[in-house]
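Visitor: I'd like a close look at a single part of this one, please. Could you pick out a charged pair and walk me through what surrounds it?

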Amino acid sequence: MKKYEKKSNQQTLGQALEHFIKQSGKEELIWEVKAEEAWQVVMGKFFEKYTERVEVRQRTLFVKINSPAMRQELMMGKSKIIANINEEIKKEFLIDVKIY
């Protein structure tokens, strides 16, 4: 007589949350928040005093900088900023940076 093993559908809490986020269509929102938080990590304390607002919409990072000189400097390094933030969040998510 064969013994039947009970199939387990147990998941870790992380797996269950990941599944819920994907099913609810909120995955993009999670990546937006991660990218916003990564701005502070990647740019460091120095740029924190010049940054007034950071927001991600439709895979574009919008950053309001209160210093014209810093704004100009950052505009010249947009591709590096995108690469560093994507590396920090471990996903090719951001496609553009708008600095104003």
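**A charged pair and its surroundings**

Guide: Let's start with E52 and K64, which form a salt bridge whose closest N and O atoms sit 3.7 Å apart. Keep in mind that this is a predicted model. The two partners come from distant parts of the chain, with E52 in strand β1 (residues 51-57) and K64 in strand β2, 12 residues apart. Are these two buried or exposed? Neither, as it happens: E52 has 49% relative accessibility, so it counts as partly exposed. K64 has a relative accessible area of 33%, so this residue is partly exposed too. The band for that label runs from 20% to 50%, which means that E52, at 49%, falls under the cut-off for exposed.

Now stay with β1, residues 51-57, and look at R53. It forms a salt bridge with E55, and here the closest N and O atoms are 3.1 Å apart. R53 comes out at 46% relative accessibility, which puts it in the partly exposed class. E55 is given 22%, and that also counts as partly exposed; buried would need a value under 20%.

One more pair is worth a visit, this time K78 and D96. Their salt bridge has its closest N and O atoms 3.8 Å apart. Again the link spans distant parts of the chain: K78 belongs to helix α4 and D96 to strand β3, with their positions 18 residues apart in the numbering. K78 is partly exposed as well, at 27% relative accessibility. Going back to R53 and E55, salt bridges with shared partners join these two and R57 into one network. Over the whole structure, the search turns up seven salt bridges.

What about the nonpolar side of things? The largest nonpolar core holds 20 residues, and W39, L61, L74, I81, I85 and L94 are the ones with the most contacts inside it. Several elements that came up with the charged pairs return here: β2 (60-65), α4 (78-89) and β3 (96-99) each give two or more residues to this core, as do α2 (27-48) and α3 (68-76). The biggest share comes from α2, with six residues.

For a single residue to zoom in on, try L74. Leaving out residues up to four places away in sequence, L74 touches W39, M43, F47, I65, I81 and I99. Two of those names, W39 and I81, are also on the list of residues with the most contacts inside the core, alongside L74.

Note on methods. Residues are numbered from 1 along each chain as its sequence is written. This is a predicted model: local features need pLDDT of at least 70, side-chain atom pairs count only at pLDDT 80 or more; totals for chains, interfaces and linings use all residues. Side-chain values use heavy atoms; hydrogens and water are left out. A nonpolar core is a set of buried Ala, Val, Leu, Ile, Met, Phe, Trp, Tyr and Cys residues joined through side-chain atoms within 4.5 Å. Buried means under 20% relative accessible area, exposed over 50%, partly exposed in between (1.4 Å probe, protein chains only). Helices (H or I, at least four residues) and strands (E, at least two) are DSSP runs, numbered from the N terminus. Contact means heavy atoms within 4.5 Å. A salt bridge is a side-chain nitrogen of Lys or Arg within 4 Å of a carboxyl oxygen of Asp or Glu.
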